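I opened this notebook to keep track of what I looked up, going from the overall layout to the surface and then to single residues.

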Amino acid sequence: MAQTRRKRRTKHRGTPAGTIETRGRTGRPLTPTERKKEDRATARERRLNTPPTWKSSVTRALIAAALVFVFLLLTAKGSNKVSVALVFTLIALAVYIPAGYYLERFLYNRRQRRKAAGR
């Protein structure tokens, strides 16, 4: 039985302008460290380009207030340590939530203005 001949595949395509294009990806594959750097950079850009939310401010304030509570429990003197720590924690929480949001919004708006001016 005669063997069938397959048609030879072309590796390059010519365009009407006379340039030659190669198919697929022509660059070398990225090393794992280069890929990690690129992923980290894109994640940072994505994180910095998201507008601030009240939810993120509340989360950040809760973490900070919990640290304040633990610190005051460890350092407060007297018999009513827990109540003193709890009152100061609630005050800190009431201050940290709006302060964190407006600070984050200010920084976000400044980054957006600089990015728009850079273009």
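Before noting any surface value, I wrote down that accessible areas here come from the Shrake-Rupley method with a 1.4 Å probe. I also noted that I am working with a predicted model.

**Entry: surface and burial.** With that method in hand, I looked up the total and found that the protein exposes about 10700 Å², of which carbon and sulfur atoms supply 60%. I then turned to burial, and of the 119 residues of the protein, 10% count as buried.

**Entry: layout.** I looked up the secondary structure and found 3 helices and 2 strands in the protein, which, read from the N terminus on, run in the order β-β-α-α-α. For the contacts, I considered pairs of residues at least 6 apart in sequence, and 57% of these contacts join residues at least 24 apart.

**Entry: positive patch.** Which residues form the positive surface patch? I listed R44, R47, R110, R111, R113 and R114 as its members. I next asked which elements give two or more residues to this patch, and I found α1, spanning 32-48, and α3, spanning 81-118. The largest share, 4 residues, comes from α3. I picked R110 for a closer look, since it is a member of the patch and is found in helix α3. R110 counts as partly exposed because its relative accessibility is 34%, and partly exposed covers the range between under 20% for buried and over 50% for exposed.

**Entry: nonpolar patch.** I then looked up a nonpolar patch on the surface, formed by V84, V87, F88, I91, V95 and Y96, which together have about 520 Å² of accessible area. From this group I took V95, which is found in helix α3, and asked whether V95 counts as buried or partly exposed. At 48% relative accessibility, V95 counts as partly exposed, and I kept in mind that the cut-off for exposed is over 50%.

**Entry: a buried position.** Lastly I looked up T89, which is also found in helix α3, where R110 and V95 are found. T89 counts as buried because its relative accessibility is 10%, the limit for buried being under 20%. What is T89 in contact with, once its neighbours within four places in sequence are left aside? I found A65, V68 and F69 as the contacts of T89 under that condition.

Key
Residues numbered from 1 in each chain as written. Predicted model: local features only at pLDDT ≥ 70, side-chain atom pairs only at ≥ 80, totals over all residues. Heavy atoms only, no water. Buried < 20%, exposed > 50% of the residue type's maximum accessible area, 1.4 Å probe, protein only. Contact = heavy atoms within 4.5 Å. Patch = residues over 30% accessible without salt bridge, like charges linked within 9 Å, V, L, I, M, F, W, Y side chains within 5 Å. Salt bridge = Lys/Arg side-chain N within 4 Å of Asp/Glu carboxyl O. Lys, Arg positive; Asp, Glu negative; His and termini not counted. Charge placed at Lys NZ, Arg CZ, Asp CG, Glu CD.
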